[in-house]
Amino acid sequence: MANPLDPKPDANLDSNSFLSGMNENGASERPFADKLESTMAKDRSVIGKNIKFRGELIGTEDLHIEGTIEGTVIMEGHDLSIGREGEINANIHAQNIVINGTLTGDALADELIEIRNTAVVKGNLIAPRIQLDDGGKFRGSMDMVDTDDEMKARHSEFKDKLVHPNLPPKDEAPSKPAAKKSFAPAKDAAKDSAKDAELADS
């Protein structure tokens with residue numbers, strides 16, 4: 001039997017309290033998203049709001065975009081964040097994707113896609129975890145992948161969407177060797193005509 005004179009346990013220290021998981025402002029904590037954002041803030045490249053880029057953007061480090069991008073964005077194995085000023089008209093692939101600005105296009109993330117309350121997204125999303133904050137605007141479909149095999153299948157399907165329409169396919173041979181070949185016969189023809197002229201003179 002408990003001694004009535006023993007001090008009562010502090011309700012604030014109770015891990016099962018209804019306040020656990022809430023911060024001082026009463027908002028629910030987002031440990032994964034907050035940890036992700038702090039990690040992305042340390043080592044990342046930034047595309048400023050006065051930068052406009054069109055084409056295929058490929059990176060091997062975390063990237064934060066405040067500018068305007070049109071084409072495709074591939075940050076495989078790294079994190080991508082779109083700032084409030086960022087305007088992306090592209091299909092994108094990254095490890096984690098956090099959207100505060102505007103995205104028009106399809107997105108594939110290996111771990112998480114988070115749509116913040118200032119975001120406007122039009123496109124189809126594929127990821128194991130997708131989070132839509134209250135106030136965020138989204139139009140499209142969400143595909144939350146369950147298994148590794150399913151993720152591999154989505155990867156192979158999504159590769160076709162990660163080719164900029166104005167760029168040649170990656171397996172296509174470069175045009176320079178073909179150009180060199182076309183000049184070679186022209187030189188031979190010039191030599192032959194010079195020989196013919198010499199023979200005619202003799």
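**Exercise 1. Which residues of helix H2 (residues 148-158) are buried?**

Before we start, some ground rules: this is a predicted model, where local features need pLDDT of at least 70, side-chain atom pairs count only at pLDDT 80 or more, and totals for chains, interfaces and linings use all residues. Residues are numbered from 1 along each chain as its sequence is written, and side-chain values use heavy atoms, with hydrogens and water left out.

*Solution.*
- Step 1: Get the terms straight. Buried means under 20% relative accessible area, exposed means over 50%, and partly exposed is in between (1.4 Å probe, protein chains only). Helices (H or I, at least four residues) and strands (E, at least two) are DSSP runs, numbered from the N terminus.
- Step 2: Pick out the buried residues of H2: they are Met151, Arg154 and Phe158.
- Step 3: Look down the axis of H2. Its buried residues fall within an arc of 60 degrees, so they line one face of the helix. (The arc is that of the directions from the helix axis to the C-beta atoms.)
- Step 4: Now turn to the other side of H2, where Asp149 and Lys152 are exposed.
- Step 5: See what the buried residues of H2 pack against: E6, strand E8 (107-115), strand E10 (125-127) and strand E13 (142-144).

**Exercise 2. Work out how strand E4 (residues 68-75) sits among its partners.**

*Solution.*
- Step 1: Two strands pair if DSSP finds at least two bridges between them.
- Step 2: Start with strand E2 (residues 52-58), which runs parallel to E4 and is joined to it by seven bridges. Here Lys52 stands opposite Thr68.
- Step 3: Move on to strand E6 (residues 87-99), which pairs with E4 in the parallel sense over eight bridges. Gly71 has Ala90 in E6 as its bridge partner.
- Step 4: Check burial. Six of the eight residues of E4 are buried, so this strand is largely enclosed by the rest of the structure.

**Exercise 3. Find the residues that touch the most other members of the largest nonpolar core.**

*Solution.*
- Step 1: A nonpolar core is a set of buried Ala, Val, Leu, Ile, Met, Phe, Trp, Tyr and Cys residues joined through side-chain atoms within 4.5 Å.
- Step 2: The largest one has 25 residues, and Ile92, Ile99 and Ile113 touch the most other members.
- Step 3: Ask who supplies this core. Strand E3 (62-65), E4, strand E5 (80-82), E6, E8 and E10 each give at least two residues, and the largest share, six residues, comes from E6.
- Step 4: Zoom in on Ile99. Setting aside neighbours within four places in sequence, Ile99 has contacts (heavy atoms within 4.5 Å) with residues including Ile82, Ile113 and Val121.
- Step 5: Don't miss the second, separate core of seven residues, with Ile74, Leu108, Ile126 and Val145 among them.

**Exercise 4. Is Asp62 buried or exposed?**

*Solution.*
- Step 1: Locate Asp62: strand E3.
- Step 2: Its relative accessibility is 11%, so Asp62 counts as buried.
- Step 3: Look for a partner. A polar atom of the Asp62 side chain lies 2.9 Å from the backbone nitrogen of Asp79.

**Exercise 5. Decide where to be careful with this model, using pLDDT.**

*Solution.*
- Step 1: pLDDT is the predictor's confidence in each residue, from 0 to 100.
- Step 2: The chain averages 76, and 59% of the residues score at least 70.
- Step 3: Over residues 10-28 pLDDT stays under 50, and the model has 10 contacts beyond four places in sequence for them.
- Step 4: Residues 177-184 are also below 50, with zero contacts beyond near neighbours in sequence.

Note on methods
Polar contact = N/O pair within 3.5 Å; in protein donor to acceptor, adjacent residues only side chain to side chain.
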